[in-house]
Amino acid sequence: MNELDPVIHAPARLRIMTTLAEALEEGDEMTFPLLQKLLDMTPGNLTTHLAKLEAAGYVESTKTFSGRKPVTLVAITPSGRAAFRAYRTQLLELLGGSR
């Protein structure tokens, strides 16, 4: 059996990936403050974990403006969604469950 993806396996990153994969349809994104609220994480902690996921190509952040206010949008990438599905399948196999 292959090793579980260490980028996703960290508890905070697993929560991020689960939230994005479950809450967003393909091509959708959510604001950083909404994701932070859903996960009950500090901005710094969320930023750190998002950076690791972004470096792996699993999520992408887009900075834009709403009027004069900066807004950061976060989305799961197609490769991130595929990696999350593979992680989930491996974890279920490890636990002896099925999809």
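In the predicted model, T77 is in contact with G57, Y58, V59 and E60, when its neighbours within four places in sequence are left aside. T77 lies in the loop that runs between β3 and α5. With a relative accessibility of 8%, this residue falls under the 20% limit and therefore counts as buried. Two polar contacts of the T77 side chain were identified. One reaches the backbone oxygen of G57, at 2.6 Å, and the other reaches the backbone nitrogen of G80, at 2.9 Å. G57 thus appears both among the contacts of T77 listed above and as the partner of its side chain through a backbone oxygen.

G80, the second backbone partner of T77, is itself one of the buried residues of helix α5. This helix comprises the 18 residues 78–95. At 1.5 Å a residue, a helix of 18 residues should span 26 Å, and the end C-alpha atoms of α5 are 26 Å apart, so the expected and computed values agree. The buried positions of α5 are G80, R81, A83, F84, Y87 and Q90. An α-helix has 3.6 residues a turn, so residues three or four places apart point the same way. The buried residues of α5 pack against two helices, α1 (6–9) and α2 (11–23), and against the strand β3 (69–76). After α5 comes G96, a residue with a positive phi near 85 degrees.

A further helix pair is formed by α3 and α4. Two packed helices are described by the angle between their axes and the distance between the axes. For α3 and α4, the axes come within 10 Å and cross at roughly 105 degrees. Because angles of 65 to 115 degrees count as roughly perpendicular, α3 and α4 are assigned to that class. On the α3 side, the contact is made by F32, L35, Q36 and L39, while α4 contributes P43, L46, T47 and L50. By residue type, the contact of α3 with α4 divides into 6 nonpolar and 2 polar residues, with no charged residue.

The loop between α3 (32–39) and α4 (43–55) contains D40. The phi of D40 is near 55 degrees, a positive value in a residue other than glycine. D40 has a relative accessible area of 70%, which is over the 50% limit, and D40 is therefore exposed. In contrast, T77, which also lies in a loop, is buried at 8% relative accessibility.

Terms used
Residues numbered from 1 in each chain as written. Predicted model: local features only at pLDDT ≥ 70, side-chain atom pairs only at ≥ 80, totals over all residues. Heavy atoms only, no water. Helix = DSSP H or I, 4+ residues; strand = E, 2+ residues; numbered from the N terminus. Buried < 20%, exposed > 50% of the residue type's maximum accessible area, 1.4 Å probe, protein only. Expected span 1.5 Å × (residues − 1). Contact = heavy atoms within 4.5 Å. Polar contact = N/O pair within 3.5 Å; in protein donor to acceptor, adjacent residues only side chain to side chain. Axes fitted to C-alpha atoms, helices over the stretch in contact; angles between N-to-C directions. Parallel < 35°, antiparallel > 145°, perpendicular 65-115°, else oblique. Nonpolar A, V, L, I, M, F, W, Y, C, P; charged D, E, K, R; others polar.
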